[in-house]
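Trainee: I'd like a close look at one part of this protein, with its surroundings explained along the way. Please take me through it slowly, and give me the cut-offs behind the terms.

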Amino acid sequence: MKVQKTREAIIDSSINLFNKRLASNVSTVQIASELGISPGNLYYYFNNKEEIIRCILKERMIPDLEELFNTESDIMSTAQLLILIGKISSHFEKYSFYYNEKYVLEFNDENLSEMAGKNYDDKLALLMMKMINNYQCQGMLIDISEADKLLAVEALWATVCMAAIYFSGQSRGGRDPLIAETWKQRFILILERLLKDEYRTQLRTQAHNAGITVNDYYKYMSNMYNG
């Protein structure tokens with residue numbers, strides 16, 4: 001029991017430090033110091049920092065994602081879509097370090113890259129497709145070709161991937177609340193283009209009531225390119 005508790009404490013402490021400083025700026029010695037244990041004690045549980053990150057992905061992030069990805073059958077309305085967006089936000093917030101350095105971490109660790117590809121990228125794209133198919137089955141979508149549907153899935157997938165940047169890209173200099181909300185606004189705008197008028201209005205109203213105002217997206221983009 002003590003062995004398992006220490007191991008879990010190492011993982012918890014690592015996530016906390018990684019989120020504060022980014023994984024590339026944290027060493028196993030610093031993780032051990034944070035916990036008040038010797039580096040040798042930490043190495044009893046993990047060979048190196050890379051193994052800790054793989055375990056975070058496998059034991060924490062993937063189960064979290066599995067729960068998220070298993071909700072696709074529940075995304076049958078625009079209101080349920082907003083709940084999904086909230087869950088995605090919470091996930092990125094919890095593991096912001098990983099998504100902030102996702103490509104670097106995976107480039108430096110082939111095992112991590114393979115694990116992430118199978119459990120994140122592919123399943124996220126599948127979730128987006130199932131969501132659009134659900135809407136189509138209910139007659140909520142405009143007439144759309146399979147090719148355009150795939151383009152929409154790719155756009156939604158890319159937007160969700162960008163969410164991590166909005167959440168953690170400002171980690172060194174303080175987070176901009178407007179940036180943190182931008183991906184949600186873009187997500188809503190992409191979906192609006194696929195929905196029939198009545199559902200488009202419904203989605204925008206519900207999004208506005210949830211604090212997601214798409215007009216802010218246009219303001220942000222205008223300021224970014226003009227300022």
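**A helix, its end and its partners**

Mentor: Let's start at the end of a helix: α11 is followed by G211, whose phi is positive, near 90°. This is a predicted model, so local features need pLDDT of at least 70 and side-chain atom pairs count only at pLDDT 80 or more, while totals for chains, interfaces and linings use all residues. Residues are numbered from 1 along each chain as its sequence is written, and side-chain values use heavy atoms, with hydrogens and water left out.

Helix α11 covers residues 197–209; at 1.5 Å a residue its 13 residues should span 18 Å, and its end C-alpha atoms are indeed 18 Å apart. The expected span here is 1.5 Å times one less than the number of residues. Helices are DSSP runs of H or I with at least four residues, strands are runs of E with at least two, and both are numbered from the N terminus. By that rule the chain holds 12 helices and 0 strands.

Now to the part I'd pick for your close look, helix α1. With 20 residues, α1 reaches 28 Å from its first C-alpha to its last, close to the 28 Å expected at 1.5 Å a residue. Just after α1 comes L22, with a positive phi of about 80°, and L22 takes this value although it is not a glycine. L22 lies in the loop between α1 and α2. At 4% relative accessibility L22 counts as buried; buried means under 20% relative accessible area, exposed over 50%, and partly exposed in between, using a 1.4 Å probe and protein chains only. Over the whole chain of 227 residues, 44% are buried.

Within α1, the buried residues are T6, R7, I10, I11, S13, S14, I15, L17 and F18. A general point helps in reading such a list: an α-helix has 3.6 residues a turn, so residues three or four places apart point the same way.

Next, the neighbouring helix. Two packed helices are described by the angle between their axes and the distance between the axes. Helix α1 (residues 2–21) packs against helix α2 (residues 28–35) at an angle of about 115°, and their axes are 9 Å apart. Those axes are lines fitted to C-alpha atoms over the stretch in contact, with angles running from 0 to 180 degrees between N-to-C directions. The crossing of α1 past α2 is right-handed, a term that applies if the near helix is turned clockwise from the far one by less than a right angle; anticlockwise would be left-handed.

On the α1 side, the contact is made by A9, I10, S13, S14, N16, L17, F18 and R21, and on the α2 side by Q30, I31, E34 and L35. Contact means heavy atoms within 4.5 Å. These residues divide into 6 nonpolar, 4 polar and 2 charged. Nonpolar covers Ala, Val, Leu, Ile, Met, Phe, Trp, Tyr, Cys and Pro, charged covers Asp, Glu, Lys and Arg, and the others, Gly among them, are polar.

One residue of α1 that you may want to click on is R7. This arginine is buried, with a relative accessible area of 18%. Leaving out residues up to four places away in sequence, R7 touches Y45, F46, C55 and E59. R7 and Y45 are 38 residues apart along the chain, yet their C-alpha atoms are separated by 6.4 Å.

Among those partners, C55 is buried, with a relative accessible area of 10%. Another cysteine, C137, is exposed at 70%. The chain has 0 disulfides, where a disulfide is a pair of cysteine sulfur atoms within 2.5 Å.

For a view beyond α1, try I62 in helix α4 (residues 49–69). I62 is buried at 11% relative accessible area, and its contacts, not counting residues up to four places away in sequence, are L57, M115 and N119. I62 and M115 are 53 residues apart in sequence and 9.3 Å apart in space, C-alpha to C-alpha. Across the chain, residues 24 or more positions apart account for 71% of the contacts with a separation of 6 or more.
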